[in-house]
Every structure is written in C-alpha cells, then in structure tokens.
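Please read the model below alongside the text. The paragraphs take up side-chain contacts, helices, chain separations, a pocket and confidence in turn.

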Amino acid sequence: MRSRIAGTGSYLPTQVVTNHELGGRIDTSDAWIRTRTGIRERRIAAPAESTSDLALHAARGALDAAGVAAEDVDL
C-alpha cells in the first residue's frame with residue numbers, strides 16, 4: 001500500500017482581530033503581545049461558521065492543488 005500528499009490547502013476566516021483592537025478590550029498592547037508571542041493578528045470564525053466549514057474550504061483547496069476530484073480520493 002502506498003500513500004502520498006498530492007496537495008495541501010488552507011483557509012483563513014475573514015474576520016481579523018489585531019493586537020491593537022485586542023488592547024482596547026483587555027489591558028495589553030501590540031508591543032507586549034508581539035514581543036512575547038510574535039502574534040500580530042488572529043482570525044476569528046464567523047458566528048455561523050463551524051470547524052467543518054473551515055475544513056471544507058481547506059479540503060477544496062487541497063483537491064484543487066492536487067488536481068484531483070473529490071470522488072477520486074479513496075479513504
């Protein structure tokens with residue numbers, strides 16, 4: 001039996017929360033967060049978006065990158 005990775009995909013939700021915005025909600029700053037974590041922004045799924053919705057977008061991207069139709073994937 002042989003397997004291989006033929007394509008990869010990813011998806012980022014559209015809602016962005018910057019460190020500056022986060023600093024307005026809690027007592028922190030962009031500099032403090034970036035110095036300690038390296039994080040500049042984070043993506044937040046929409047209220048109606050579930051993990052499976054995010055995975056679906058990424059899976060479609062992987063199939064496109066591989067040039068493979070979904071029905072051709074086994075297991």
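Is Arg 34 buried, partly exposed or exposed? The model is a predicted one, and in it Arg 34 has a relative accessible area of 37%. Arg 34 therefore counts as partly exposed, because that class lies between the limits of 20% for buried and 50% for exposed. Its salt-bridge partner is Asp 30, with the closest N and O atoms 3.3 Å apart. Asp 30 is also partly exposed, at a relative accessible area of 29%.

Where do these two residues sit relative to each other along the chain? Both belong to helix H2, which covers residues 30-37, and they are 4 residues apart, or about one helical turn. An α-helix has 3.6 residues a turn, so residues three or four places apart point the same way. The pairing of Asp 30 with Arg 34 can be read with that spacing in mind.

The count of salt bridges in the model comes to 2. Besides the pair in H2, the side chains of Glu 41 and Arg 43 form a salt bridge, with an N to O distance of 3.6 Å. Glu 41 has a relative accessible area of 39% and is partly exposed. Arg 43 is likewise partly exposed, at 34%. Strand E2 spans 41-44.

Arg 43 also gives a link to strand E1, which runs over residues 15-18 and contains Thr 18. The C-alpha atoms of Thr 18 and Arg 43 are 8.8 Å apart in space, although the two residues are 25 apart in sequence. Thr 18 is partly exposed, with 27% relative accessible area.

Other pairs have their own separations. Ile 39, in the loop between H2 and E2, is 31 residues from Ala 70 in sequence, and their C-alpha atoms are 35 Å apart. The relative accessibility of Ile 39 is 36%, which places it among the partly exposed residues. On the other side of E2, Ser 50 lies in the loop that leads from this strand to H3. Ser 50 is partly exposed at 34%, and its C-alpha atom is 26 Å from that of Gly 23, at a sequence separation of 27 residues.

The next element is helix H3, made up of the 16 residues 51-66. How does its span compare with the expected value? At 1.5 Å a residue, H3 should span 22 Å, and its end C-alpha atoms are 23 Å apart, so the two values agree. Gly 67, just after H3, has a positive phi of about 70°.

The model also has a pocket to consider. The largest pocket holds about 310 Å³ of space. Its lining consists of 14 residues, and those nearest its centre are Ser 3, Arg 4, Ala 6, Val 73 and Asp 74. By class, 9 of the lining residues are nonpolar, 2 are polar and 3 are charged.

Finally, how is confidence distributed over the model? The average pLDDT of the protein is 92, and 100% of the residues score at least 70. Helix H1, residues 19-25, has the lowest confidence, with a mean of 88, whereas H3 has the highest, at 97. Where pLDDT is low, the predicted coordinates should not be read in detail.

Terms used
Residues numbered from 1 in each chain as written. Predicted model: local features only at pLDDT ≥ 70, side-chain atom pairs only at ≥ 80, totals over all residues. Heavy atoms only, no water. 1 Å grid on protein atoms, 1.4 Å probe; cavity = no way out; pocket = protein on both sides within 12 Å on 5 of 7 lines; lining within 4 Å. Points joined across faces, edges and corners; volume = space filled by probe spheres on them. Nonpolar A, V, L, I, M, F, W, Y, C, P; charged D, E, K, R; others polar. Expected span 1.5 Å × (residues − 1). pLDDT = per-residue confidence, 0-100. Salt bridge = Lys/Arg side-chain N within 4 Å of Asp/Glu carboxyl O. Buried < 20%, exposed > 50% of the residue type's maximum accessible area, 1.4 Å probe, protein only.
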